[in-house]
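Here is a friendly note for a first look at this structure. The points below can be read in order, with the model open beside them.

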Amino acid sequence: MSKRKLLINEVFNKAKEDSEKDTKSGLAFYLWGKLEELLDFKISEKTLVRYYEAFVEKNDDIGIDPYKLDKLSQYLGYKDFADFSRTFVKKDKEANKTTVKISVDRDEESITEKLSNIIINITNEQNFKMPEFMKKNGMGIMEIALLVCLVTGSVVFSHPKKKTYGFAGILPTLECMYWDGSEYKLVDCNNKNPLFDKKIPIDEVELQFFKRILRKDTLTVENAVGKTWYSKYNGEVEFFTKDGIDPGTGKELRKSTPFMISKYAGQQSDSVEIEE
């Protein structure tokens with residue numbers, strides 16, 4: 001589940017608990033008043049109903065403006081959407097599963113910065129679910145166990161440049177991603193390079209499937225309508241592989257139509273332009 005889906009589900013769950021309403025229109029009306037009252041955040045009932053239909057009823061994923069994500073996160077008691085994405089732990093209702101969160105004092109110059117948000121799920125069937133970043137970096141069970149021991153025992157080796165080393169080497173902190181103009185790429189959340197000044201928490205769906213289509217000349221009505229989305233800004237049209245927000249302009253994407261494909265993609269039309 002993406003972080004946006006998780007946020008919207010939790011927002012409506014809280015509204016349901018607080019208001020005791022159970023219809024999407026009732027919940028949307030309650031949230032409309034409560035968000036303005038508590039956060040001075042004005043959002044239409046229609047938009048809230050659209051979020052409910054997409055995320056709750058259809059289990060879909062659509063783009064939401066970052067400012068709205070921050071405000072909805074504040075409704076749940078978080079500082080902003082980044083804070084929600086980084087710290088929220090979903091309650092697991094399965095009776096046969098125990099969730100353990102490893103966390104150590106943030107001020108320690110140790111590998112705690114790398115492991116403070118690791119969630120280890122251990123089921124009664126003795127299956128061990130390895131954190132994703134450890135899988136990607138080839139870390140085995142023994143190395144993970146060693147790292148946990150290092151954290152709990154505060155056994156670390158500090159580099160003069162304040163990078164922390166353990167027996168498994170330098171631990172990655174690839175919990176953020178950035179838009180490079182054509183796709184999202186992983187980046188260390190603590191990277192100070194100004195090229196990555198718009199880092200956001202990792203969304204695995206966006207990271208894997210959201211791309212800008214670089215070869216617009218390959219698009220046709222047959223292969224692109226219903227399968228691509230577009231953004232038009234200052235006369236420039238860009239096409240994307242998934243619905244959402246254009247990271248370059250902040251505008252919500254729209255589904256590609258035969259007209260837009262013919263006018264701005266592979267086959268150029270000689271007809272008079274009609275704004276969509």
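1. Contact here means heavy atoms within 4.5 Å. With that in mind, consider the contacts in the protein between residues at least 6 apart in sequence: 51% of them join residues at least 24 apart. Please remember as you read that this is a predicted model.

2. For the overall inventory, the secondary structure comes to eleven helices and twelve strands. The protein has 276 residues, and 37% of them count as buried.

3. A good place to begin is helix H1, residues 3–19. How far apart should its ends be? At 1.5 Å a residue, the 17 residues of H1 should span 24 Å, and the end C-alpha atoms are indeed 24 Å apart, so the two values agree. The buried residues of H1 are Arg4, Lys5, Leu6, Leu7, Ile8, Asn9, Glu10, Val11, Phe12, Ala15 and Ser19. Their packing partners are H2, H3, H4, helix H5 (81–87) and helix H9 (204–209). Just after H1, glutamate 20 takes a positive phi of about 60°.

4. Next comes helix H2, residues 24–39, where the same kind of check can be made. Its 16 residues should span 22 Å at 1.5 Å a residue; the end C-alpha atoms are 21 Å apart, which agrees. Which residues of H2 are buried? They are Gly26, Leu27, Ala28, Tyr30, Leu31, Leu35 and Leu39. These buried residues pack against H1, H3 and helix H4 (66–75). Just after H2, aspartate 40 has a positive phi of about 55°.

5. Now for a pair of helices. Two packed helices are described by the angle between their axes and the distance between the axes. For H1 and helix H3 (residues 45–57), the angle is about 115° and the axes are 10 Å apart. The crossing of H1 past H3 is left-handed. On the H1 side, the residues that meet H3 are Arg4, Lys5, Ile8, Asn9 and Phe12, while H3 contributes Leu48, Tyr51, Tyr52, Phe55 and Val56. By class, this contact has seven nonpolar, one polar and two charged residues. Arg4, Lys5, Ile8, Asn9 and Phe12 also appear among the buried residues of H1.

6. Some backbone angles deserve a look. Most residues other than glycine have a negative phi. Asparagine 59, in the loop between H3 and H4, has a positive phi of about 55° although it is not a glycine. Asparagine 234 also has a positive phi of about 55° without being a glycine, and is found in the loop between E10 and strand E11 (236–240). Is asparagine 234 buried or exposed? Its relative accessibility is 68%, and exposed means over 50%, so asparagine 234 counts as exposed.

7. How many disulfides does the model have? The count comes to one. Cysteine 176 is joined to cysteine 189, with 2.1 Å from S to S. The link is right-handed, with 105° about the S-S bond. Cysteine 176 lies in strand E7 (residues 176–179) and cysteine 189 in the loop between strand E8 (184–187) and strand E9 (200–201), so the pair ties together parts that are 13 residues apart in sequence. Cysteine 176 counts as buried because its relative accessibility is 11%, whereas cysteine 189 is partly exposed at 24%.

8. Two pairs show residues separated along the chain and how far apart they are in space. Tyrosine 230 lies in strand E10, residues 229–233, and counts as buried at 3% relative accessibility. Tyrosine 230 and leucine 253 are 23 residues apart in sequence, and their C-alpha atoms are 5.4 Å apart. Valine 205, found in helix H9, is 202 residues along the chain from lysine 3, with 9.6 Å between their C-alpha atoms. Valine 205 counts as partly exposed at 29% relative accessibility. Leaving aside residues up to four places away in sequence, valine 205 touches Phe210 and Lys242.

How values were computed:
Residues are numbered from 1 along each chain as its sequence is written. This is a predicted model: local features need pLDDT of at least 70, side-chain atom pairs count only at pLDDT 80 or more; totals for chains, interfaces and linings use all residues. Side-chain values use heavy atoms; hydrogens and water are left out. Axes are lines fitted to C-alpha atoms, for helices over the stretch in contact, and angles run from 0 to 180 degrees between N-to-C directions. Helices (H or I, at least four residues) and strands (E, at least two) are DSSP runs, numbered from the N terminus. A crossing is left-handed if the near helix is turned anticlockwise from the far one by less than a right angle, and right-handed if clockwise. Ala, Val, Leu, Ile, Met, Phe, Trp, Tyr, Cys and Pro count as nonpolar, Asp, Glu, Lys and Arg as charged, and the others, Gly among them, as polar. The expected span of a helix is 1.5 Å times one less than its number of residues. Buried means under 20% relative accessible area, exposed over 50%, partly exposed in between (1.4 Å probe, protein chains only). A disulfide is a pair of cysteine sulfur atoms within 2.5 Å.
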